[in-house]
Amino acid sequence: MKLDAIDLRILDAIQRDGRITKLALAEKAGLSPTPCWMRLRKLEKAGIVTGYHARVALRRIAPVASVMVEVTLANHRQSDFERFERVIATIPEVIGCWSVGGGIDYFLKIAAPDIDAYQRLIDDLLDRELGIERYFTYIVTKTVKDETVLPVGSLIGRPNNHG
């Protein structure tokens, strides 16, 4: 689907405020409400807008240890990757998983109540014999940036309008 400047303004606005009203969205997009809403529905149907979410400040309600983990598998057959990914997808504490190129196979982002809970999770993964050859743990001591708004315009070669 080819996106124009209006689509980009719609995407930028709903990323910043998923609860934006139809009227406010239309104003930011530079359209009247009905055509704007029809464009948003078109973006949803095309699978470009995949959902609406609330950001939760977990540290305000419970202690949390954020951990980044590098994982390297012993074997690199497709079935090894699929088995690992299938198990990781079922673990709620694993809040991010990226398959990467280079000397490491995966980066995991884990949210656990504390370091002991994190270690129990890792021990459980190792006990499942998923083919983990080695892993390195990095405790997040400070979040500098954790952005959910994607710079869609600049990624497709058009400057974002933040107005």
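At roughly what angle do the axes of helix α1 and helix α3 cross? Keep that question in mind as you start the tour, and remember throughout that what you have open is a predicted model.

**First stop: two crossing helices**

Select residues 5-16, which form helix α1, together with residues 33-45, which form helix α3, and you will find that their axes come within 10 Å and cross at roughly 80 degrees. Because an angle from 65 to 115 degrees counts as roughly perpendicular, α1 and α3 are described as roughly perpendicular to each other. Now show the side chains where the two helices meet: I6, D7, I10, L11 and I14 come from α1, while C36, R39, L40 and L43 come from α3. If you colour the residues of this contact by character, they divide into seven nonpolar and two charged, with no polar ones.

**Second stop: D7**

Stay on helix α1 and select D7, which lies in that helix. Is D7 buried or exposed? With a relative accessible area of 5%, D7 is buried, because buried means under 20%. When its neighbours within four places in sequence are left aside, D7 is in contact with K2, R39 and L43, and you can display these three partners around D7.

**Third stop: the largest nonpolar core**

Next, select V71, F84, L108, I110 and L125, which are the residues with the most contacts inside the largest nonpolar core, a group of 21 residues. To see where this core comes from, highlight β1 (65-73), α4 (78-88), β3 (106-112) and α5 (115-127), each of which supplies at least two of its residues. The element that gives the most to this core is α5, with five residues.

Centre the view on I110 and, setting aside its neighbours within four places in sequence, look for its contacts with A65, S66, V67, V69, E93, V94, Y118 and L121. There is also a second, separate core, made of 16 residues, and you can pick it out by selecting some of its members, including L3, I20, A29 and C36.

**Last stop: P63**

Finally, select P63, which is found in the loop between α3 and β1. At 66% relative accessibility, P63 counts as exposed, because exposed means over 50%. Leaving out its neighbours within four places in sequence, you will find P63 in contact with A112 and P113. Before you close the viewer, draw a distance between the C-alpha atoms of P63 and P92, which are 29 residues apart along the chain and are separated by 16 Å.

Notes
Residues numbered from 1 in each chain as written. Predicted model: local features only at pLDDT ≥ 70, side-chain atom pairs only at ≥ 80, totals over all residues. Heavy atoms only, no water. Core = buried A, V, L, I, M, F, W, Y, C linked by side-chain atoms within 4.5 Å. Buried < 20%, exposed > 50% of the residue type's maximum accessible area, 1.4 Å probe, protein only. Helix = DSSP H or I, 4+ residues; strand = E, 2+ residues; numbered from the N terminus. Contact = heavy atoms within 4.5 Å. Axes fitted to C-alpha atoms, helices over the stretch in contact; angles between N-to-C directions. Parallel < 35°, antiparallel > 145°, perpendicular 65-115°, else oblique. Nonpolar A, V, L, I, M, F, W, Y, C, P; charged D, E, K, R; others polar.
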